[in-house]
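Work through the exercises below with the chain open beside you, trying each task before reading its solution.

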Amino acid sequence: MANENVQMWTELNIDLKSHDTLLNALGPIFQEVYLSQKNRPAGMGFYDFVVGDIHGIRVKELREHAKNGGKVVATYCVFVPEELVWAADAIPVGLCAGTQFSVPIAEEVLPRNTCALIKSSFGFKLGRVCPYVQASHLIVGETTCDGKKKMFEMLGQLQPVYVMEVPNKKTERSRELWQGEVLAFKDVIEKLTGNKITAKKLGEAIDLVNQRRVALQRLYNLRKNRPVPISGKDALLATQVSFYDDAKRDTQMLNALCDELDKRVAAGQGVAPKNAPHILISGSPMAIPNWKLHHIIESAGAVVVCEESCTGTRFFSDLVKPTERNLDAQLKAIADRYMNIHCACFTPNDERPDDVVRLAKEYQADGVIHYNLQFCHTYANEAVKMEKRLGKEGIPLLRIETDYSDEDSGQLRTRIEAFLEMIRK
Ligand code: BJ8
């Protein structure tokens, strides 16, 4: 198997030496952050397996698909409507870029004062260490932030890239622009795959993705219980895996995990005492293996019960509304659903603080930690607004700005412990 993988990675033009270093570093981190947890749901065994074989079976499945004439479409943002990809019999893969490993590689080209997510993404391609990037036939970018926009220009010199224009406002004119973008994306995918997207295929794809969203909603709803039946780290991992696993299998595994959590809740069984502080994290997405903040919070005795982020509620809260099976109505429903993602790239974006207040109440969070990646101006700015808004609501907030390195871990730990001490009173 290991040899099979090496052969596959070689065919994908992976830098094997560098890739070995990456995988060898991941094992001990996963052991420390995940496998050391006590009283985990048995259903997490699947996710442990997925991480243990992170560049193995799934990449092999994508390769098989490609050998049979199928296409793989990689994305970096939850704005890209994956339904259109599935409907053309292609496979979408949400690329993760949560490791410091690829940051120095990117810094040889990109300005250092670029957010870690962008640097990590670009470093994966430049360093040829990610088989998912290498296995994809098209990378779909978006214009959500300036750093990404310019990075996609450079990425386009190394691999085929298509960029969707995400509007910055939520006006009627912006909605029209976005509908046009969704339509244009349909054409791009049809051209790439040679497959026509029909109303029947699109209807099936909408159902497929909606079912996964419903399963994630179920998982998150279970986190509203006290004691909470699953750690924030485990829930985050299950969400992160949803970005690149097969959607049908992923839905099944999520529902199996939720069945187990239902029983835990009925038995009053949790991963932390009832009085452990419950924390809501709001802000930038956390891609595998960015588990830093959750690990610090949960090592300090609190539990993360919700993430208002694109690796959290923004990924699955809204479904594509059911429509009659006709392409125009379906494409409009898709465009509407995606325009409702309250990313900080929008101005104004008052819906996001509203969401955080609502979620903090729904999840009975004792405090909110606003997390933004260093050099991400949109989320850093919204942190200021969030602080004012939550202050008015009497919800304690801690603002954290960090990157993927471990350099500030000690300092973060001290600040988080002090915050937990304050909300415990
Ligand atoms: S919809 S949050 S996934 S853009 S952290 S790269 S914004 S400088 S990640 Fe995002 Fe889509 Fe929005 Fe979600 Fe830029 Fe900020 Fe970096 Fe960011």
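## Exercise 1: The chain as a whole

In this chain, contacts between residues at least 6 apart in sequence include 76% that join residues at least 24 apart. The model is a predicted one.

Task: find how many helices and strands the chain has, and describe its overall dimensions.

Solution. Begin with the inventory of elements, which comes to 19 helices and eight strands. Next, consider the radius of gyration, which is 21 Å and close to the 22 Å that the globule rule gives for 425 residues, so the chain is as compact as a globular protein of that length. Along the principal axes, the C-alpha atoms fill a box of roughly 60 × 50 × 45 Å. Finally, turn to the surface: 57% of the 425 residues count as buried, while the accessible surface comes to about 17600 Å², of which 51% belongs to carbon and sulfur atoms.

## Exercise 2: The sheet that contains S1

Task: work out the order of the strands in the open sheet that contains S1, and state which strands form its edges.

Solution. Start with S1 (residues 72-75), from which Val-72 and Ala-74 point one way while Val-73 and Thr-75 point the other way, all of them being buried. On one hand, S1 pairs with strand S2 (residues 91-94) in the parallel sense over four bridges, and the bridge partner of Ala-74 in S2 is Val-93. Between these two strands the chain passes through helix H5 (residues 82-87), making a β-α-β crossover that is right-handed.

On the other hand, S1 also pairs with strand S3 (residues 138-142), again in the parallel sense, over three bridges, and here Val-73 has Leu-138 as its bridge partner. S3 in turn pairs with S4 in the parallel sense over four bridges, with Gly-141 of S3 matched to Val-163 of S4.

Putting these pairings together gives an open sheet of four strands in the order S2-S1-S3-S4, with parallel pairing. The edge strands, each pairing on one side only, are S2 and strand S4 (161-164), and the twist from one strand to the next averages 25 degrees.

As a last step, look at the helices that pack on this sheet. Helix H4 (residues 57-67) touches S1 and S2, and its direction makes about 150 degrees with that of S2. Helix H10 (residues 172-193) touches S1, S3 and S4, and its direction makes about 160 degrees with that of S4.

## Exercise 3: The sheet that contains S5

Task: determine the strand order of the open sheet that contains S5, and find which strands helix H14 lies across.

Solution. Strand S5 (residues 278-283) and S6 pair in the parallel sense over five bridges, and one residue pair to locate is Leu-280 with its bridge partner Cys-306 in S6. Extending the picture to the full sheet gives four strands in the order S6-S5-S7-S8, with parallel pairing. The edges are strand S6 (303-308) and strand S8 (397-402), each of which pairs on one side only, and neighbouring strands are turned by 25 degrees against each other on average, direction ignored.

Now add the helices. Helix H14 (residues 292-299) lies across S5, S6, strand S7 (367-373) and S8, running at about 150 degrees to S6. Helix H17 (residues 351-362) packs on the sheet and touches S5, S6 and S7, with a direction that makes about 165 degrees with that of S5.

## Exercise 4: Buried helices and a buried arginine

Task: decide whether Arg-212 is buried or exposed, and find out how many residues of H12 are buried.

Solution. First take H3 (residues 44-52), where Met-44, Phe-46, Tyr-47, Asp-48, Val-50 and Val-51 are buried. The cover over these buried residues includes helix H2 (16-35), helix H12 (232-242) and helix H13 (247-266).

Then turn to H12 itself, where 11 of the 11 residues are buried, so this helix is largely enclosed by the rest of the structure. The buried residues include Lys-233, Asp-234 and Gln-240.

Last comes Arg-212, which lies in helix H11 (residues 199-222). Its relative accessible area is 2%, and since buried means under 20%, Arg-212 counts as buried. Leaving aside its neighbours within four places in sequence, Arg-212 is in contact with Glu-82, Ser-242, Ala-247, Asp-250, Thr-251, Leu-254 and Phe-315.

Key
Residues are numbered from 1 along each chain as its sequence is written. This is a predicted model: local features need pLDDT of at least 70, side-chain atom pairs count only at pLDDT 80 or more; totals for chains, interfaces and linings use all residues. Side-chain values use heavy atoms; hydrogens and water are left out. Two strands pair if DSSP finds at least two bridges between them. Axes are lines fitted to C-alpha atoms, for helices over the stretch in contact, and angles run from 0 to 180 degrees between N-to-C directions. Contact means heavy atoms within 4.5 Å. Buried means under 20% relative accessible area, exposed over 50%, partly exposed in between (1.4 Å probe, protein chains only). A crossover is right-handed if, with the strands pointing away from the viewer, the path from the first strand over the helix to the second runs clockwise. The radius of gyration is taken over C-alpha atoms; the globule rule is 2.2 Å times the number of residues to the power 0.38. Accessible areas come from the Shrake-Rupley method with a 1.4 Å probe; for residues, only the protein chains shown count as cover.
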